[in-house]
Amino acid sequence: MKAELNIQSKKLELIQWLSTIEDLSVLNKIIDLKKEENKDWWNSISENEKQSIEKGLQDADAGKLNSHSKAKQLYGKWL
């Protein structure tokens, strides 16, 4: 609950600050940041990454899954 109040407080602080900005270049930078935040990550990954994700989803739909313990056994040295 305390984190929620902190987030709300930060939002209000930003709203108040935004309402005082008169510099168009600063506002445009904030708008650009907002656009970047809303960007779909799917469009920024490579075709190989997309294909790999699609293959993984197909495997999951087909029930070709490994348990957590199996994954840990296979990839534990990298974790």
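E36 is partly exposed in this predicted model, with a relative accessible area of 48%. Its partner in a salt bridge is K39, with the two side chains meeting at 3.5 Å from N to O. K39 is exposed, at a relative accessible area of 53%; this value places K39 in the exposed class because the class begins over 50%. In general terms, side chains of opposite charge can pair when their charged atoms come close.

A further pairing of this kind joins D59 and K55, whose side chains meet in a salt bridge at 3.0 Å, again N to O. Both residues belong to helix 3, where they sit 4 residues apart, about one turn of the helix. K55 is partly exposed, with a relative accessible area of 46%. The count of salt bridges comes to 2.

Turning to open space, the largest pocket holds about 190 Å³. Its lining consists of L14, W17, L18, I30, I31, L33, K34 and E37. Two or more of these residues come from each of helix 1 (2-18) and helix 2 (24-37), and helix 2 gives the most, with 5 residues. Sorted by class, the lining has 6 nonpolar and 2 charged residues, and no polar ones.

As for how far the coordinates can be trusted, the chain averages a pLDDT of 89, and 99% of the residues score at least 70. Helix 3 (residues 47-61), home of the D59 and K55 pair, has the highest confidence, at a mean of 93. Confidence is lowest in helix 4 (residues 68-75), where the mean is 86.

How values were computed. Residues numbered from 1 in each chain as written. Predicted model: local features only at pLDDT ≥ 70, side-chain atom pairs only at ≥ 80, totals over all residues. Heavy atoms only, no water. 1 Å grid on protein atoms, 1.4 Å probe; cavity = no way out; pocket = protein on both sides within 12 Å on 5 of 7 lines; lining within 4 Å. Points joined across faces, edges and corners; volume = space filled by probe spheres on them. Nonpolar A, V, L, I, M, F, W, Y, C, P; charged D, E, K, R; others polar. pLDDT = per-residue confidence, 0-100. Salt bridge = Lys/Arg side-chain N within 4 Å of Asp/Glu carboxyl O. Buried < 20%, exposed > 50% of the residue type's maximum accessible area, 1.4 Å probe, protein only.
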